[in-house]
Amino acid sequence: MTINLIIMLFMVAAALWAVLARTLLKGSIALAIASAALALLIFRMNGPLAAVFELSVCAGLITVIFISTISLVQPFTPQEVAARYAARFKRFWPLLVLLAVVTVICLKCWTFPACGQALPESADVMALTRDLLWKARQMDLFGQVVMLLAGVFGVVILFKEENPS
Amino acid sequence: MKEAMNLPNQLILLPLLAVVVVNLPLGLRWAAMLGGVFFSIYQMWTMVFLPPLETGFFDLQIDGLSRVLLLSIGLVAFVSILAARGTIRDKRERFYFYNLVLLAMVGMNGLVMVRDLFSLYVFIEITSVASFILIALRRELDGLEGAFKYLIMSAVATAMMLSAVALLLLATGETSFAKVAEQMRLGGSGLPVLAAGLFVAGLLIKAGSVPFHGWLPDAYMAAPNAASILLGGIVTKTTGVYALIRLMQDGMFGTGMSPVLLLAGAVSIVAGALAALGQRDFKRMLAYSSISQVGYIVLSLGTGTALGVVGAVFHLFNHAVFKSLLFVNATAVEDRAGTRDMNQLGGLAARMPVTGFASVVALLSTAGVPPLAGFWSKLVIIVALYKSGHPVYAAVAVLASLLTLAYFLSMQRRVFFGKLREGLEGVKEAGWYVLVPTLALTLITMGVGVLIPWMFGSFVLPMEKF
């Protein structure tokens with residue numbers, strides 16, 4: 001339970017970083033970390049299939065798409081970044097309220113026995129996850145590797161510096 | 001080992017291997033084009049001469065439908081790679097182009113061979129990411145804008161498809177086509193219907209069907225010419241239309257989606273053709289024409305009959321051929337005359353006779369004039385519509401062919417016929433890297449039309465497996 005709570009706090013921290021990050025790129029990376037933490041949490045709560053999908057889609061594929069998108073937009077100048085950075089906290093006050101509401105709901109939920117029951121049976125879950133990743137979903141893993149490669153090409157091509165000569 | 005090297009596996013592993021090898025620091029960058037050309041020829045050869053039914057160790061399968069798509073992918077990639085050699089001047093840009101085409105081939109080949117909804121989504125995304133980068137390859141403002149629009153619309157489609165997969169997983173506990181279809185036949189909650197609706201909407205966005213077509217003209221127009229050939233010729237057909245055909249054919253959506261597809265198809269045909277009539281830019285006109293022709297495929301699919309599926313797949317193949325040919329012609333014209341604005345062109349048939357002739361063949365085939373390939377696929381579509389009790393939609397399909405003929409004749413008159421426009425006296429026929437694909441595609445368009453009595457039983461009917 002304690003480990004789950006730590007992972008959840010880590011996930012919330014990463015999610016907050018995603019929202020508050022100075023640049024889109026850092027925001028995307030933070031979101032990927034939040035997704036990975038969520039996948040870990042789902043895995044620990046005996047949902048390996050859901051964890052594999054979460055890891056594949058949110059931490060993997062979506063991040064590549066985000067980074068490709070970011071490579072297509074013009075970055076802010078340092079002055080613009082500074083101006084926005086100073087003003088951005090004003091926009092996020094409602095987040096605190098939201099965070100408080102979610103925390104209350106989570107704490108309420110934690111008293112339900114169903115939440116407490118979802119503890120991992122580590123050996124079985126590990127074996128199941130291994131089978132899912134390397135046997136049942138190996139095609140997806142292969143596809144995701146290719147997609148990462150395509151993303152790398154995107155970053156190399158679209159971020160490359162012009163040769164003045 | 002033997003299993004690992006079987007055909008389905010080769011079709012996704014070999015292009016990937018080519019990308020890896022040419023990017024290693026071995027001084028093999030020059031081999032990128034050769035790799036692309038050889039692989040696309042190999043793919044075409046295997047699809048024409050080898051038996052179609054094979055299963056790979058990733059559970060990849062090649063059946064009649066996959067075979068037609070794999071053949072089309074090989075053909076359009078081959079044409080696009082040659083056109084890139086002739087029109088992309090910057091060596092580094094050309095190298096990246098070949099790599100991205102090979103990666104797009106991995107994506108497209110994978111997506112026509114997988115039999116699982118989530119894997120289908122993964123391979124659609126590989127193709128889409130390669131396409132975004134191809135559109136933005138030159139890093140010019142219009143290219144970046146076109147890629148951005150495609151990306152945003154694609155993200156919406158992705159959200160819809162992923163939600164649909166999640167709902168289906170929730171309702172059926174499965175993601176493989178066969179098992180989901182089996183569960184769908186047993187009936188149950190309304191979740192699968194909602195999932196089917198979301199998935200179809202996502203695929204229609206990817207296919208550029210009306211009303212989700214906003215991204216398509218900008219993306220096609222802004223992309224480098226060789227990339228437009230790939231996008232217009234095959235990418236949207238595989239990521240959108242093929243997936244729709246496969247899921248309909250496998251009974252994933254039942255007959256509930258038929259009215260939606262019929263309406264979307266008819267609206268796309270008419271709206272695309274009307275929009276094409278008003279264009280000045282050659283490639284933008286072809287983009288709207290693509291929207292209209294994809295409408296025919298969707299309309300045919302909407303009949304929900306075996307003949308409808310045959311018509312849809314046959315038209316998909318024909319469209320891949322004649323639309324690629326038209327994009328190659330636009331490439332040749334822009335490369336030689338320096339503009340795509342049809343109002344600034346004229347009389348080019350005298351200076352570019354091969355391109356001018358190929359354009360006539362392609363436009364007549366698109367408009368469905370006998371005996372060219374497009375006539376036969378449209379005929380199958382119209383018969384399928386009539387026989388399935390949709391005479392009004394059949395009439396729309398026939399009348400829209402007249403609109404198609406109108407906008408293409410207008411293009412032919414403004415670009416190729418009439419008196420040679422001042423300033424174009426020095427224009428010469430396109431180079432061999434553009435002429436070879438032009439001639440190949442022209443011969444296929446004429447050949448499929450003339451040889452249809454022999455091809456119908458051996459090539460067209462096996463596409464369908466009801």
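Two residues are in contact here if their C-beta atoms, placed from the backbone, lie within 7 Å. Keep that cut-off in hand, and please remember as we walk through that this is a predicted model.

A good place to begin is B:L103. Leaving out residues up to four places away in sequence, B:L103 touches B:V19, B:I126 and B:A130 in chain B, and also A:V146, A:L149, A:A150 and A:F153 in chain A. The residue therefore has partners in both chains under the 7 Å criterion. B:L103 also belongs to the largest nonpolar core, which has 201 residues. Together with B:L230 and B:A397, B:L103 touches the most other members of that core. As for which element gives the most to this core, the answer is helix α13 of chain B, residues 306-337, with 18 residues.

From there we can turn to the place where the chains meet. In total, 22 residues of chain A are in contact with 30 residues of chain B. On the chain A side, the elements that give two or more residues are α3 (48-72) and α8 (138-159). The most comes from α8(A), with 15 residues. By class, this side of chain A has 14 nonpolar, 7 polar and 1 charged residues.

Now for chain A itself. It has 8 helices and 0 strands, and reading along the sequence gives the pattern α-α-α-α-α-α-α-α. Of its 165 residues, 25% count as buried. What share of the contacts in chain A with a separation of 6 or more comes from residues 24 or more positions apart? That share is 67%.

A:V19 gives a local view of such a long separation. This residue lies in helix α1 of chain A, residues 2-20. Measuring along the sequence, A:V19 and A:W93 are 74 residues apart, yet their C-alpha atoms are 12 Å apart in space. Leaving aside neighbours within four places in sequence, A:V19 is in contact with A:F92 and A:L95. Is A:V19 buried, exposed or partly exposed? It counts as partly exposed because it has 14 C-beta neighbours inside 10 Å, where 20 or more would make a residue buried and 12 or fewer would make it exposed.

Let us move on to helix packing in chain B. Two packed helices are described by the angle between their axes and the distance between the axes. Take helix α1 (residues 7-23) and helix α2 (residues 31-49) of chain B: their axes come within 9 Å and cross at roughly 175°. That angle makes α1(B) roughly antiparallel to α2(B), since the criterion is an angle over 145 degrees. In this contact, B:L7, B:L11, B:L14, B:P15, B:A18 and B:V22 of α1(B) meet B:A31, B:A32, B:G35, B:F39, B:Q43 and B:T46 of α2(B). The residues divide into 9 nonpolar, 3 polar and no charged. A general point helps in reading such lists: an α-helix has 3.6 residues a turn, so residues three or four places apart point the same way.

Another pair in chain B is α12 (residues 282-302) and α13, whose axes also come within 9 Å and cross at roughly 175°. Again, that makes α12(B) roughly antiparallel to α13(B). Among the residues that meet are B:F282, B:L286, B:Y296 and B:I297 in α12(B), and B:V309, B:L316, B:F327 and B:V333 in α13(B). The classes in this contact are 12 nonpolar, 7 polar and 2 charged.

Helix α6 of chain B offers a simple geometric check. At 1.5 Å a residue, its 32 residues (141-172) should span 46 Å, and the end C-alpha atoms are 46 Å apart, so the two values agree. After α6(B) comes B:G173, with a positive phi near 75°. In the loop between α5 (117-135) and α6 of chain B lies B:R139. Its phi is near 55°, a positive value in a residue other than glycine. B:R139 is partly exposed, with 16 other C-beta atoms within 10 Å.

Finally, look at two loops with cis peptide bonds. The bond from B:V210 to B:P211 is cis, with omega near 10°, and B:P211 lies in the loop between α8 (191-207) and α9 (215-222) of chain B. The bond from B:P370 to B:P371 is also cis, with omega near 5°. B:P371 sits in the loop between α15 (353-367) and α16 (373-387) of chain B.

Definitions and conventions. Residues numbered from 1 in each chain as written. Chains lettered and ligands numbered in written order. Predicted model: local features only at pLDDT ≥ 70, side-chain atom pairs only at ≥ 80, totals over all residues. Helix = DSSP H or I, 4+ residues; strand = E, 2+ residues; numbered from the N terminus. Expected span 1.5 Å × (residues − 1). Nonpolar A, V, L, I, M, F, W, Y, C, P; charged D, E, K, R; others polar. Axes fitted to C-alpha atoms, helices over the stretch in contact; angles between N-to-C directions. Parallel < 35°, antiparallel > 145°, perpendicular 65-115°, else oblique. Core = buried A, V, L, I, M, F, W, Y, C linked by C-beta atoms within 7 Å.
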